[in-house]
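User: Hi! I am new to protein structures and would like to learn how to read one. Could you walk me through this example?

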Amino acid sequence: MVDVAIVGGGPAGLAAAIAAHKAGATVTLLEREPRAGGILRQCIHNGFGVQYFGKELTGPEYATRLVREAQGLDIRTGAMAVGHREGALTVAQEGAGVYELHARAIVLATGCRERPRGALRIPGTRPAGVMTAGFAQYMMNLRGLLPGKRVVILGSGDIGLIMARRCTWEGAKVLCVAEAAPYVGGLARNVAQCLEDFDIPLALSTTVAAVHGTGRVEGLTMCRVDEKFNPIAGTQWHIECDTLLLSVGLIPENELARALGVAIDPVTGGAIVNEKLETSVPGVFACGNALLVNDLADEASRQGEIAGAAAAAHAGGAGRSHQVACGDNVCLCVPQQITEGATDVTLRLRVSAPLGRGHVVVRCGDTQLTKKAFAALVPGEMVHITVPGPAAGDWTVEARGINK
């Protein structure tokens with residue numbers, strides 16, 4: 001029996017383990033890969049750690065710092081939580097077989113996975129050369145393999161933008177980045193640094209209409225789409241290429257959460273939590289990209305700290321819970337619940353569509369609790385707003401554009 005079992009050894013899981021240990025809890029961390037660090041190990045570009053460590057780092061450097069801080073803790077690699085039975089996690093571990101791990105509290109830091117081609121229903125053949133951007137990143141950065149020489153990227157998420165630059169650096173020709181939405185899905189800095197700096201074309205309101213090729217991708221039919229993402233007749237054109245990378249969204253890994261009986265938010269794909277990041281199941285916490293897809297690893301680590309400390313204290317269930325509802329122009333918000341009396345609660349939210357300059361307002365009934373102005377409100381960048389004072393009553397959060 002341990003105090004806290006943590007599932008996932010990425011930036012959120014490692015930060016949770018460190019925080020729980022500092023709070024005096026006994027900790028066991030399960031990581032299914034041979035080494036802890038999560039997806040950061042293959043993210044060799046810089047831009048990590050500015051907020052969390054106060055220094056710009058590459059992904060492997062960020063992961064190494066967390067692993068060093070967690071040195072001495074019970075970190076079990078090659079270990080995967082495959083189920084839950086009678087209050088214990090069922091663990092399959094390389095070299096140790098299958099066993100049960102009993103814990104007083106559980107932190108789910110299982111990360112997320114990429115949306116595959118099968119979820120897109122792209123017509124055409126099924127040749128080699130179609131893969132997710134994250135898998136291409138793994139091939140290049142950890143295996144030294146170039147996925148192709150003439151590349152088209154579908155989706156303008158951050159991984160896709162970064163891989164456009166990475167492929168260019170390694171000598172491949174990135175023909176374009178296509179995005180079905182009328183706006184970019186990734187961070188503005190990645191658009192500037194990864195596309196504009198390398199003169200890589202960006203085609204908005206555009207998608208892949210068909211894939212062509214037998215043994216290997218030979219070309220793509222592209223087309224424009226309307227506001228409902230339906231293909232527009234007569235707008236098709238052909239691109240000759242040998243590789244299609246997909247950067248079309250991330251999905252929180254929550255199979256274990258569902259097995260534990262955790263309530264899932266249909267919008268975020270992650271658990272419904274309160275300000276302590278405790279789920280609907282007392283003693284089970286969620287953080288990082290398993291909770292919601294974050295813009296930065298720094299934010300995932302901060303969530304891990306909150307979840308780890310709360311799991312160590314296991315103070316969940318105290319006080320009445322209130323709801324946090326998404327109002328005008330807000331598509332998702334975490335946490336979805338708050339405990340009565342909680343103070344300085346930070347909400348993380350995304351707007352539904354680009355609003356430009358605007359402000360975010362949090363209300364309790366007709367009472368305005370806080371209001372914050374932003375230079376730009378866009379779906380690709382998460383918004384943080386802290387509500388001061390003790391919580392009481394249900395909240396609504398909304399976003400408003402400001403005309404220049």
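**Reading the model step by step**

Analyst: Happy to! A good start is to count the helices and strands: this protein has seven helices and 25 strands. The radius of gyration is 22 Å, close to the 22 Å that the globule rule gives for 404 residues, so the protein is as compact as a globular protein of that length. Along the principal axes, its C-alpha atoms fill a box of roughly 60 × 60 × 40 Å. Please keep in mind that this is a predicted model.

User: Since it is predicted, what is the average pLDDT of the protein?

Analyst: pLDDT is the predictor's confidence in each residue, from 0 to 100. Here the average is 93, and 98% of the residues score at least 70. Confidence is lowest in strand β20 (residues 337–339), with a mean of 88, and highest in strand β9 (residues 150–154), at 98.

User: What share of the residues count as buried?

Analyst: Of the 404 residues, 51% count as buried. As for the surface, the protein exposes about 17800 Å², and carbon and sulfur atoms supply 51% of that area.

User: How do I read the contacts?

Analyst: Look at how far apart the partners are in sequence. Among contacts between residues at least 6 apart, 60% join residues at least 24 apart.

User: And how many positive and negative side chains are there?

Analyst: There are 37 positive and 38 negative ones, and the centres of these two sets lie 3 Å apart.

User: Can we zoom in on a helix? Which residues of α3 are buried?

Analyst: Helix α3 spans residues 133–143, and its buried residues are Ala133, Gly134, Ala136, Gln137, Met139, Met140 and Asn141. Next, ask what covers them: the cover includes strands β7 (112–114), β8 (130–132) and β15 (243–246), along with helix α4 (158–169). It also helps to look at where a helix stops: just after α3, Gly144 takes a positive phi of about 70°.

User: Now a single residue, please. Is Val98 buried or exposed?

Analyst: First find its place: Val98 is in strand β6 (residues 97–108). Then compare its relative accessibility with the cut-off, where exposed means over 50%. Val98 counts as exposed because its relative accessibility is 62%.

User: Which residues does Val98 touch, leaving aside its neighbours within four places in sequence?

Analyst: With those neighbours set aside, Val98 is in contact with Thr90, Val91 and Ala92. You can also check a distance through space: Ala25 is 73 residues away from Val98 along the chain, and their C-alpha atoms are separated by 25 Å.

How values were computed: Residues numbered from 1 in each chain as written. Predicted model: local features only at pLDDT ≥ 70, side-chain atom pairs only at ≥ 80, totals over all residues. Heavy atoms only, no water. Helix = DSSP H or I, 4+ residues; strand = E, 2+ residues; numbered from the N terminus. Rg over C-alpha atoms; globule rule 2.2 N^0.38 Å. Buried < 20%, exposed > 50% of the residue type's maximum accessible area, 1.4 Å probe, protein only. Contact = heavy atoms within 4.5 Å. Areas by Shrake-Rupley, 256 points an atom, 1.4 Å probe, with all protein chains shown as cover. Lys, Arg positive; Asp, Glu negative; His and termini not counted. Charge placed at Lys NZ, Arg CZ, Asp CG, Glu CD.
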